[in-house]
Amino acid sequence: MNIPNDPAILLSYINTKLRDEYPSLEELCKSLCIDCTDIQDKLSSLGYTYDPEKNRFK
């Protein structure tokens with residue numbers, strides 16, 4: 001699956017997917033065949049971390 005490379009655009013893309021389609025980051029990553037650690041690393045470069053209770057990066 002092609003996902004955005006730019007961290008700011010990736011943040012919006014991932015949070016939208018989490019809000020609209022997936023109950024967790026793990027489910028999203030499994031469905032899209034992407035590595036959760038890569039996503040978390042890219043978004044942490046902007047200062048964002050995944051909040052499993054809210055199911056979003058903030």
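In this predicted model, a polar atom of the N55 side chain lies 2.8 Å from the backbone oxygen of Y22. The N55 side chain also places a polar atom 3.2 Å from the backbone oxygen of L18. N55 itself belongs to the loop that runs between β1 (50-51) and β2 (56-57). With a relative accessibility of 13%, N55 falls under the 20% limit and therefore counts as buried. Once neighbours within four places in sequence are set aside, the contacts of N55 are L18, Y22, P23, S24, L25 and Y50.

One of these partners, S24, leads on to the next part of the chain. S24 sits in the loop between α1 and α2. The relative accessible area of S24 is 16%, so this residue is buried. A polar atom of the S24 side chain is 3.1 Å from the backbone nitrogen of E27. Beyond four places in sequence, S24 is in contact with L18, Y50 and N55. L18 and Y50 thus appear among the contacts of N55 and among those of S24.

E27, whose backbone nitrogen faces the side chain of S24, also takes part in a charged pair. A salt bridge joins E27 to K30, with 3.8 Å between the closest N and O atoms. Both residues are part of helix α2 (residues 25-32), where they stand three residues apart, about one turn of the helix. E27 is partly exposed, because its relative accessibility is 35%. K30, by contrast, has a relative accessible area of 60% and is therefore exposed.

The structure as a whole contains four salt bridges. Side chains of opposite charge can pair when their charged atoms come close. Another of these pairs is that of K17 and E21, in which the closest N and O atoms are 3.3 Å apart. K17 has a relative accessible area of 16% and so is buried, whereas E21, at 47% relative accessibility, is partly exposed. R19 and D20 form a further salt bridge, and here the closest N and O atoms are separated by 2.8 Å. In this pair R19 is exposed, with a relative accessible area of 61%, while D20 is partly exposed at 48%.

From the charged pairs the description turns to the nonpolar interior. In soluble globular proteins, nonpolar side chains tend to be buried together. The largest nonpolar core in this model comprises 17 residues, and those with the most contacts inside it are I14, L18, L25, L28, I34, I39 and F57. Each of the helices α1, α2 and α3 supplies at least two residues of this core. The greatest contribution comes from α1, which gives five residues.

Two of the core residues with the most contacts, I34 and I39, are also in contact with each other. Setting aside neighbours within four places in sequence, I34 is in contact with I3, L28, C29 and I39. I39 lies in helix α3 and has a relative accessible area of 2%, so it is buried. Apart from residues up to four places away in sequence, I39 touches I3, L10, I14, I34 and F57. I3 is thus a contact of I34 and of I39. The C-alpha atom of I39 is separated by 13 Å from that of K58, a residue 19 places away along the chain.

Helix α3 (residues 36-44) has C36, I39 and L43 as its buried residues. Viewed down the axis of α3, these residues fall within an arc of 65°, and they therefore line one face of the helix. The buried residues of α3 pack against α1 (7-20), α2 and β2. At the start of α3, a side-chain oxygen of D35 comes to within 3.1 Å of the backbone nitrogen of T37.

The cysteines complete the account. C36, one of the buried residues of α3, has a relative accessible area of 19%, which is under the 20% limit, so C36 counts as buried. C29, a contact of I34, is buried with a relative accessible area of 2%. The structure holds zero disulfides.

Technical notes: Residues are numbered from 1 along each chain as its sequence is written. This is a predicted model: local features need pLDDT of at least 70, side-chain atom pairs count only at pLDDT 80 or more; totals for chains, interfaces and linings use all residues. Side-chain values use heavy atoms; hydrogens and water are left out. Helices (H or I, at least four residues) and strands (E, at least two) are DSSP runs, numbered from the N terminus. Buried means under 20% relative accessible area, exposed over 50%, partly exposed in between (1.4 Å probe, protein chains only). A polar contact is a pair of N or O atoms within 3.5 Å; within protein, one must be able to donate a hydrogen and the other to accept it, and residues adjacent in sequence count only if both atoms are side-chain atoms. Contact means heavy atoms within 4.5 Å. A salt bridge is a side-chain nitrogen of Lys or Arg within 4 Å of a carboxyl oxygen of Asp or Glu. The arc is that of the directions from the helix axis to the C-beta atoms. A disulfide is a pair of cysteine sulfur atoms within 2.5 Å. A nonpolar core is a set of buried Ala, Val, Leu, Ile, Met, Phe, Trp, Tyr and Cys residues joined through side-chain atoms within 4.5 Å.
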